[in-house]
Amino acid sequence: MLAKRIIPCLDVHDGRVVKGVNFKNLRDAGDPVELAGLYSEMGADEIVFLDITATHAARRTVIDIVEKTARCVFVPLTVGGGIRTVDDFRDILRAGADKISVNSAAVRDKSLISEAAKKFGSQCVVLAIDAKRRADGSFQVVLNGGRIETELDAIEWAKEAEKLGAGEIMLNSIDADGTKNGFDIEMTKAVASSVRIPVIASGGCGTLSHFYDVFTEGQADAALAASIFHYGELTVPQVKRYLSSRSIAVRM
Amino acid sequence: MPGFTAIIDYGIGNLHSVSKALDYIGIKNRICGTAREIKAADALILPGVGAFPDGMAALEKAGLVETIKSQSEIKPLLGICLGMQLLFDKSHELVESAGLGLIPGTVGLINTGLKLPQIGWNSLAIKKENPLTRGLDDDSYVYFVHSYCASPENPEHIGATCDYGAEVCAITMRGNLFGCQFHPEKSGDVGLQILKNFAELYR
């Protein structure tokens, strides 16, 4: 049976992991390569690097990190943040990433999804959607962590992205992000039940049961988390043991 | 003298991730795009992602079809993902097209009610003892990304399956020939063990 995936996300700024990572037995808490290896050993099903510098100069740094990680980590690796062109895709895939997530650039130019899917295959095109609730209960796509609003509806955008050739949707709730009050179950379910591609839920998890809820009621295929893992509040094996005890299929 | 594994380069698929995984477990390998290099190798890996007709067209364009067919009779060959599917007679992906015809069977869309492609970790059900799964537990998880799958005509050619709302052939084998529908190079320790097991076949 297909397992639900647990995905730690590492925010990388100028080649260093930010949002402080609080692990013992780590030589260098800011080294993305070492952290990716550690998470992989702990049973993370994928690793996501989110490049939050995303300036042109930082691109080379990220490529270097991806190359090093791909030499010692053998689970799928996704890289996102500031990906604008098909050439960006090519460079990062060639460095050893398996998937690329795109966000604002795809909103500005939808053909980025279709071009990349045609060139590299849908399996490596992940559309990241940041969304928040409108007063009327619908979900609005926003950019730059919520600072820029768009006219797009999250469900419609996910459906369109699937048609354009996206292979997965990474859905982040701006309202829930950082609250630790749980994933936005309603939004996750609304998107996951509208597309036939996997949905990775992101934003808001704080407890073990939040993972259970997003996989059952929320119908997510994978769950992404950052600080809860980095600060050691929960560990990947702990989350998996819990889910397994509640009859959710996970890779142990 | 230890030999090397040729990772066949026909312009399709992520050869480097396979190469990096082999490097990591200490298996000498080279990315090879010519018949001469492939003939010099001790074992072959045929990777590949994308659509079946494109894969066959790329193999033909690279002029490697006959070399792979003849070499597969005398040395171990492992097809990965699309590379596994190409070992079969034909596929119904997009248009009906012929494969390498090394294992009897066809490739078709996974007959499931679940989402396609299948993306993620699924557990293996080992159907028949085989060198690739040596030392692995039944129910070991491996990483899949595919919409199409092979249906070997002869059940003897099915090494392992996974359950994706349908029984999907995950490992195929026939003599020297092996295929993994999943990506061993992205399947953590289990995948590395499978690649080691493959290398044991010629060491």
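**Exercise 1. Describe the make-up and overall dimensions of chain B.**

Chain B of this predicted model contains six helices and 14 strands. The next step is to compare its radius of gyration with a reference: the value is 15 Å, close to the 17 Å that the globule rule gives for 203 residues, so chain B is as compact as a globular protein of that length. Along the principal axes, the C-alpha trace of chain B spans about 45 × 40 × 30 Å.

We then turn to the cover of the residues and to the surface. Of the 203 residues in chain B, 63% count as buried, where buried means under 20% relative accessible area. Chain B exposes about 8000 Å², and carbon and sulfur atoms supply 48% of this area. Among contacts between residues at least 6 apart in sequence, 70% join residues of chain B that are at least 24 apart. As for charge, chain B carries 17 positive and 22 negative side chains, and the centres of these two sets lie 7 Å apart.

**Exercise 2. Carry out the same description for chain A.**

Begin again with the secondary structure, which in chain A consists of ten helices and eleven strands. A compact globule with 252 residues would have a radius of gyration near 18 Å, and the 17 Å of chain A agrees with this. The box filled by the C-alpha atoms of chain A, taken along the principal axes, is roughly 45 × 45 × 35 Å.

Next come burial and surface: 61% of the 252 residues of chain A count as buried, and the accessible surface comes to about 10100 Å², of which 48% belongs to carbon and sulfur atoms. Among the contacts in chain A between residues at least 6 apart in sequence, 64% join residues at least 24 apart. Finally, chain A has 31 positive and 34 negative charges, whose mean positions are 3 Å apart.

**Exercise 3. Determine how far helix 7 of chain A is covered, and by what.**

First locate the element: helix 7 of chain A runs over residues 185-192, and six of its eight residues are buried, so that the helix is mostly covered. The buried residues are A:Ile185, A:Met187, A:Thr188, A:Ala190, A:Val191 and A:Ala192.

Second, look at what lies over these buried residues. The cover includes strand 6 (125-133), strand 7 (139-143), strand 9 (168-173) and strand 10 (199-202) of chain A, together with helix 6 (154-164) and helix 8 (208-215).

Third, examine the start of helix 7 of chain A, where a side-chain oxygen of A:Asp184 reaches to within 3.3 Å of the backbone nitrogen of A:Glu186.

**Exercise 4. Find the backbone features of A:Gln219, B:Leu94 and B:Pro117, and place each residue in its chain.**

Take A:Gln219 to begin with: its phi is positive, about 60 degrees, although the residue is not a glycine. A:Gln219 is found in the loop between helix 8 and strand 11 (222-225) of chain A, and with a relative accessible area of 33% it is partly exposed.

B:Leu94 also has a positive phi, near 60 degrees, in a residue other than glycine. The loop that holds B:Leu94 lies between strand 5 (88-91) and strand 6 (97-98) of chain B. At 67% relative accessibility, B:Leu94 counts as exposed, since the cut-off for exposed is over 50%.

For B:Pro117 the feature is a peptide bond: a cis bond joins B:Leu116 and B:Pro117, with omega about 0 degrees. B:Pro117 is placed in the loop between strand 7 (103-109) and strand 8 (118-123) of chain B.

**Exercise 5. Follow A:Asp98 and B:Asn14 to their contacts across the two chains.**

The first residue, A:Asp98, lies in the loop between helix 3 (86-95) and strand 5 (99-102) of chain A, and it is buried, with a relative accessible area of 16%. Leaving aside neighbours within four places in sequence, A:Asp98 is in contact with A:Val75, A:Pro76, A:Leu77, A:Leu93, A:Gln123, A:Cys124 and B:Lys186. The side chains of A:Asp98 and B:Lys186 are joined by a polar contact of 3.0 Å.

The second residue, B:Asn14, lies in the loop between strand 1 (5-8) and helix 1 (15-24) of chain B, and at 26% relative accessibility it counts as partly exposed. Not counting residues up to four places away in sequence, B:Asn14 touches A:Leu93 and A:Ala97. Within its own chain, the C-alpha atom of B:Asn14 is separated by 23 Å from that of B:Ser97, a residue 83 residues apart along the chain.

Definitions and conventions
Residues are numbered from 1 along each chain as its sequence is written. Chains are lettered from A and ligands numbered from 1 in the order in which they are written. This is a predicted model: local features need pLDDT of at least 70, side-chain atom pairs count only at pLDDT 80 or more; totals for chains, interfaces and linings use all residues. Side-chain values use heavy atoms; hydrogens and water are left out. Buried means under 20% relative accessible area, exposed over 50%, partly exposed in between (1.4 Å probe, protein chains only). Helices (H or I, at least four residues) and strands (E, at least two) are DSSP runs, numbered from the N terminus. Contact means heavy atoms within 4.5 Å. A polar contact is a pair of N or O atoms within 3.5 Å; within protein, one must be able to donate a hydrogen and the other to accept it, and residues adjacent in sequence count only if both atoms are side-chain atoms. The radius of gyration is taken over C-alpha atoms; the globule rule is 2.2 Å times the number of residues to the power 0.38. Accessible areas come from the Shrake-Rupley method with a 1.4 Å probe; for residues, only the protein chains shown count as cover. Lys and Arg count as positive and Asp and Glu as negative; His and the chain ends are not counted. The place of a charge is taken as NZ of Lys, CZ of Arg, CG of Asp or CD of Glu.
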